[in-house]
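This report looks at the surroundings of the ligand and then at the enclosed space inside the protein.

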Amino acid sequence: MCEHAGVGATIVSVTTARDPRLADSAFLKAARGETPQHTPVWFMRQAGRALPEYHKVREGVAMLDACMDADLITEITLQPVRRYGVDAAIFFSDIVLPLKPLGLDLEIKPGVGPVFANPVRTLADVEAIPDLTPEHVPFITQAVQNLVAELGGTPLIGFAGAPFTVASYLVEGGPSKEYAKTKALMFGAPDVWDALMRKIAGISATFLEVQVNAGASAIQLFDSWAGAVTPSDYATYVRPYSSAVLARAGELGVPRIHFGVNSAMLLDQMGEAGADVVGVDWRTPLEYGIDKIGPERAVQGNLDPTLVFAPTGVMLQRAGDVIEAGKRAKGHIFNLGHGVIPSTNPDQLKKLAEFVQGYPV
Ligand code: 1CP
């Protein structure tokens, strides 16, 4: 196992030398608002359920066990890069993963998602959660180091869950539609909410630091369920904590992507929270998103993930529309407007990646 001497939660220097070929990365150029040689493309949730080679290596291995095994993380992260030739890899893990080595009774149930046996509802519950240190997640450091050695000039995106989205699983005890218990805590017990959101912000920021210090070249903060709150509640109860995570990530000097679903009304704030790139979900017209995000930041997105089920010609035509719309932005990283749907045919994603990379800039 590797040593972590000097990689404390508050140490922000990048400790791993980056591959010099990363200077030519279309993904990193677009993220910084520079002109890339082609429109870069990767797919949220590209690692995992749509790939037969993923199901093969996962046979008999529970999701969280896979996420804590450096060799499996490495293999699963590389699978979509090999198959699709995408412009970035995303680290295979889960937004709730850091809570497992912290001792919480967590399971990722097949077909359901993250489930916590003891939901967090009181100040005492929050105070019982330890802070994350790099020593809790040596398998993450190891896997990132393996990956950057294998990936060479292809950047690795590290990620974490934003406080609101992680809080929703902790408070509800599992996936939710209405977030009723989460919002009841937010509105009804602001002191508990503040403590919980600070706690998760610290955990997520450290999780990102571990990944970047080991060699990740960019980060994405997933606030998938932030669209469940109004813009003013976002400003009061959500944004300050996401800002804290993005501020700590900003000290690492890598581009920061910030993404949420149903986020049309929040895109301006999601940028101002401290992102370099704002992810636009598929329901939001990209032109609208670009206007709302403004000229200071690049955008990522946003093909409707169900278009992979359309005839290839239809899918590619709609992808062309997305690329054209993206030309108005400071920078554009092509992606789906949410994660790959598990029943997606990987051959369609391969054609989509090739089309985007061959499209005239
Ligand atoms: O056994 C399995 O294969 C379980 C399915 C699965 C997978 C493959 C889960 C359970 N998580 C993951 C990996 C994962 N999760 C990745 C890495 C793969 C990649 O992107 O290539 C990432 C980035 C995530 C992030 C994640 N987990 C998010 C944010 C992204 C998004 O889609 O909005 C969220 C909300 C989760 C929670 C989660 N984990 C798993 C599921 C099924 C869910 C969603 C549950 C729900 O609907 O609330």
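## The shell around the ligand

In this predicted model, 23 residues surround the ligand (a residue counts if one of its heavy atoms lies within 4 Å), and the closest are Ala47, Tyr54, Asp94, Tyr169 and Ser224. The shell divides into 14 nonpolar, five polar and four charged residues, where Ala, Val, Leu, Ile, Met, Phe, Trp, Tyr, Cys and Pro count as nonpolar, Asp, Glu, Lys and Arg as charged, and the others, Gly among them, as polar.

## Polar atoms facing the ligand

Oxygen atoms of the ligand lie 2.7 Å from a polar side-chain atom of Tyr54, 2.4 Å from a side-chain N or O atom of Ser224 and 2.8 Å from a side-chain N or O atom of His338. Of the 880 Å² of accessible area that the ligand has on its own, the protein covers 88%, with areas taken from the Shrake-Rupley method with a 1.4 Å probe.

## The cavity

A search of the whole structure finds one cavity of 30 Å³ or more, a cavity being a set of points on a 1 Å grid over the protein atoms alone where a 1.4 Å probe fits but cannot get out. The volume of the largest cavity, taken as the space filled by probe spheres set on the points, is about 40 Å³, and its lining (residues with an atom within 4 Å of a point) consists of Ile95, Pro98, Leu99, Val166, Ile200, Ile203 and Ser204. Six of these lining residues are nonpolar, one is polar and none is charged.

## Basis of the values

Residues are numbered from 1 along each chain as its sequence is written, and side-chain values use heavy atoms, leaving out hydrogens and water. Local features need pLDDT of at least 70 and side-chain atom pairs count only at pLDDT 80 or more, whereas totals for chains, interfaces and linings use all residues.

Notes
On a 1 Å grid over the protein atoms alone, a cavity is a set of points where a 1.4 Å probe fits but cannot get out, and a pocket is an open set with protein on both sides within 12 Å along at least five of seven lines; lining residues have an atom within 4 Å of a point. A polar contact is a pair of N or O atoms within 3.5 Å; within protein, one must be able to donate a hydrogen and the other to accept it, and residues adjacent in sequence count only if both atoms are side-chain atoms.
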